[in-house]
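Colleague: I'm new to this one. Can you put it up and walk me through it?

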Protein chains: 2
Amino acid sequence: MKKLNSTEIAKLAGVSRSTVSRVVNGYANVPAETREKVMKVINENEYYPLLCGQLLAGKNTGTLGFFWISNAPIASDFLSSTFFIHVIESAAAYNYLILTSILKNLTDEENINWVKRIFFQERIDAGIFVGTNNNEPLIDELIARGKIVSLFDYYHPEITAPNLITANFETDTGGKVIDYLCGLGHKKIAVIDGNMNHYSSLKRHESYIAAMQRHKLEIRGEWMRYADIVESSGYSACKEMIAQCKKLPTAICANNDSAAFGVYTALEEANISIPDKISVIGIDGHPRSKFQKPPLTTFTFDFNQLFGSLVGRTIAAVEKQNDIISNEFFPGSLVERCSCSRIV
Amino acid sequence: MKKLNSTEIAKLAGVSRSTVSRVVNGYANVPAETREKVMKVINENEYYPLLCGQLLAGKNTGTLGFFWISNAPIASDFLSSTFFIHVIESAAAYNYLILTSILKNLTDEENINWVKRIFFQERIDAGIFVGTNNNEPLIDELIARGKIVSLFDYYHPEITAPNLITANFETDTGGKVIDYLCGLGHKKIAVIDGNMNHYSSLKRHESYIAAMQRHKLEIRGEWMRYADIVESSGYSACKEMIAQCKKLPTAICANNDSAAFGVYTALEEANISIPDKISVIGIDGHPRSKFQKPPLTTFTFDFNQLFGSLVGRTIAAVEKQNDIISNEFFPGSLVERCSCSRIV
DNA sequence: CTGAAAGCGCTTACAG
DNA sequence: CTGAAAGCGCTTACAG
């Protein structure tokens, strides 16, 4: 079957290319009879208008960019992969496609050019970013140049560009984790913070501390640690703490579940049993958390809903709808498993 | 900064659009001096040629489609997600982008149109498929219409279209699993087969049976079961077998690791300990397999290498290189953990 | 080495 | 309701 263009379709249907275009785009001002006549030829020839022609004439691409920024060996982290899938499936529900890039950072010249090329070649209508720092000159530049930019875990209350769309974790996540542990009677709580360039880590840190002060807990320097969103990093942080601590805490709050997995290994190696000796709590609701021994108690987020909202609002912006909510904070909920015990 | 087109860049640089195009595309027939003069204007204005113009003039899209076909709730399966990432990262190494779709099957009219639209609108230079049946009319049609189609786990020795590219598991996988169990002294072996519409499942079945005959093992109907590439399905298959069997086997070969995870749960529920009472072996090398209790022994494949090859050969076909290997069979290797014990 | 010109396929504002 | 025409931005074969 020869591939036809709109001129040939028009000729076969006995109409002009304008009319073919009107039918293809489903415009109202075509009488049913004409529409059917044209559709018949379109279907018989499996005619699909070429995207490049449509783009040149000013149509949208119907494609969103998805940019995953991470130093971590991403293929080994399961949670990150599910984000992709939520985005792809949410976009498909609107008939949009997803073009994906994985980048180590947004500061290398090569990466910056990769992103700019995708935007400025107009391969996409908007870009969704995951894993950015809360300050990224590239993001500022894209926004300034009118590109629709959507970010997960990124927040600047003072910026209200209509082309900036964000989805965030609720900011009191850390406080709720501490409240839960205090409810179990814990008073000696260690915190493994995350990368402070991420908005969520900063807020978690602030709310951990605020809650500890509210509960009048001792905040010991040796119980304040740092890890990335990587298992190995949580492992090192915990191992170091065990080695250096004069007094062990009774509970450890990890900034994220991946770090918590590393904490498990470090405690196991030191023969410190969870939760008898030390309770461990994570944040995220990582799919692996329920397979841990013991299953990890973790403050869980509905990422499907979160990314569904982000994608929906992004497409609304692409399609120039009004009153788009530029930011949403998503609440989490504690999933209690077996890694935290009551202090008696 | 106003966005310029090639005419405006040409004017600023004092050359013609032809020359701008030659510089952008890095053609040799431009003297260094002219090139620098033009590059200066290009860089100052962050000029990127619009893709739609390039496409209309006959360039490639530099994009590959990735079509994931699965009934399973994909977001919950980690292995599948890593395939995405291997493909994305392999393609990026060639400066290609990946456009992703997730579809339940290739038989629904809606899904067929989704795929055709992507190909025939010329959004992509080629499509990579994962999870197809070994017979798919849509695939045949795309090949017949000259589209470059690449498939994982798909093989027809008689078809040798230059635009059909495949990557497969080695065909004796099942035999190697049986050989291993026989080496441990097992004689009563149950098999949980996979979906026979998948080339790999068919070959695994054939090679399980051939090896069992070679080792003169009893092949009991009640030990021959079926499961999909989903944990719940492996669970049901194993549970049913336990309930219906007159005599329990000493080992269970699962067609894939996800099914093996379900087998674990079914055995645990029946208080049959692994590997003391029954040994379990999987196939894939699923990232979760090492976290199982006990860690799962599984015949493991290097999917990074497999998809790297598939992507590389696909791009070679897009770029019309010669002597492209249309199919490769990839060998696996046994990763021995703790789920199989020796029969004494 | 370089420019003028042709050509790629669509949509839409305009005129009727 | 419908067609002729303009316009979108690029590349490349051709001529010089």
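Modeller: Sure. Keep in mind that this is a predicted model. Start with the spread of chain A: the centres of domain 1 of chain A and domain 3 of chain A, taken over C-alpha atoms, are 61 Å apart.

Colleague: Which domains is chain A divided into, and where do they run?

Modeller: Domain 1 covers 6-56. Domain 2 takes 63-170 + 303-331. Domain 3 is 173-301.

Colleague: OK, on to the DNA. Which residues come nearest to DNA strand D?

Modeller: Ser16(A), Asn5(B), Ser21(B), Gly53(B) and Ala57(B), out of 27 residues around that strand. Helix H2 (17-24) of chain A gives two or more residues to this surface, and so do helix H2 (17-24) and helix H4 (51-56) of chain B.

Colleague: Which element gives the most there?

Modeller: H2(B), with 5 residues.

Colleague: And how many of the residues near strand D are charged?

Modeller: 4 are charged. Another 13 are polar and 10 are nonpolar.

Colleague: Now DNA strand C. Which residues are closest?

Modeller: Asn5(A), Ser21(A), Gly53(A), Leu56(A) and Ala57(A). In total, 27 residues surround DNA strand C. Here H2 and helix H4 (51-56) of chain A, together with H2 of chain B, each supply two or more residues. H2(A) has the largest share, 5 residues. By class, the surface near DNA strand C holds 10 nonpolar, 13 polar and 4 charged residues.

Colleague: Switching topic. How many residues are in contact between chain B and chain A?

Modeller: 39 residues of chain B touch 39 residues of chain A. On the chain B side, H4, helix H5 (78-93), strand S2 (97-103) and helix H6 (109-120) each give two or more residues. H5(B) gives the most, 9 residues.

Colleague: What's the mix of classes on that side of chain B?

Modeller: 22 nonpolar, 8 polar and 9 charged.

Colleague: You mentioned strand S2. How do S2 of chain A and S2(B) run, parallel or antiparallel?

Modeller: Antiparallel, joined by 3 bridges. One pair to find is Thr100(A), whose bridge partner is Ile98(B).

Colleague: What sheet are those strands in?

Modeller: An open one of 12 strands with mixed pairing. The order is S11(A)-S5(A)-S4(A)-S3(A)-S1(A)-S2(A)-S2(B)-S1(B)-S3(B)-S4(B)-S5(B)-S11(B). Strand S11 (327-330) of chain A and strand S11 (327-330) of chain B are the edge strands, and each pairs on one side only. From one strand to the next, the twist averages 20 degrees.

Colleague: Give me a pairing inside chain A. How do strand S1 and strand S3 of chain A pair?

Modeller: In the parallel sense, over 5 bridges, between residues 63-69 and residues 126-130. Phe66(A) stands opposite Ile128(A) there.

Colleague: What about the open sheet of 6 strands in chain A?

Modeller: Its order is S7-S6-S8-S9-S10-S12, and the pairing is mixed.

Colleague: Why do strand S7 and strand S12 have one side left without a neighbour?

Modeller: Strand S7 (224-226) and strand S12 (333-335) of chain A are at the edges with a single partner strand each, so one side of each has no neighbour in the sheet. S7(A) pairs with strand S6 (residues 189-193) of chain A, parallel, over 3 bridges. In that pairing Ile192(A) faces Arg225(A).

Colleague: Which helix lies across S6, S8, S9, S10 and S12 of chain A?

Modeller: Helix H8 (residues 173-183) of chain A, running at about 155 degrees to S9(A).

Colleague: And in chain B, how do helix H8 and helix H9 cross?

Modeller: At roughly 40 degrees, with their axes coming within 6 Å. The crossing of H8(B) and H9(B) is right-handed. Among the residues that meet are Ile178(B) in H8(B) and Tyr208(B) in H9(B).

Colleague: Last topic: backbone oddities. Where are the cis peptide bonds you'd point out?

Modeller: One joins Ile274(A) and Pro275(A), with omega about 0 degrees. Pro275(A) sits in the loop between helix H11 (257-269) and S9 of chain A. Another runs from Lys293(B) to Pro294(B), with omega near -5 degrees. Pro294(B) is in the loop between strand S9 (279-284) and strand S10 (297-300) of chain B.

Colleague: Which residue has a positive phi although it is not a glycine?

Modeller: Asn95(A), at about 70 degrees. Look for Asn95(A) in the loop between helix H5 (78-93) and S2 of chain A. Most residues other than glycine have a negative phi.

Definitions and conventions. Residues numbered from 1 in each chain as written. Chains lettered and ligands numbered in written order. Predicted model: local features only at pLDDT ≥ 70, side-chain atom pairs only at ≥ 80, totals over all residues. Near = placed C-beta within 6 Å. Helix = DSSP H or I, 4+ residues; strand = E, 2+ residues; numbered from the N terminus. Nonpolar A, V, L, I, M, F, W, Y, C, P; charged D, E, K, R; others polar. Contact = placed C-beta atoms within 7 Å. Pairing = 2+ DSSP bridges. Domains from an automatic or database assignment. Axes fitted to C-alpha atoms, helices over the stretch in contact; angles between N-to-C directions. Left-handed = near helix turned anticlockwise from the far one by under 90°.
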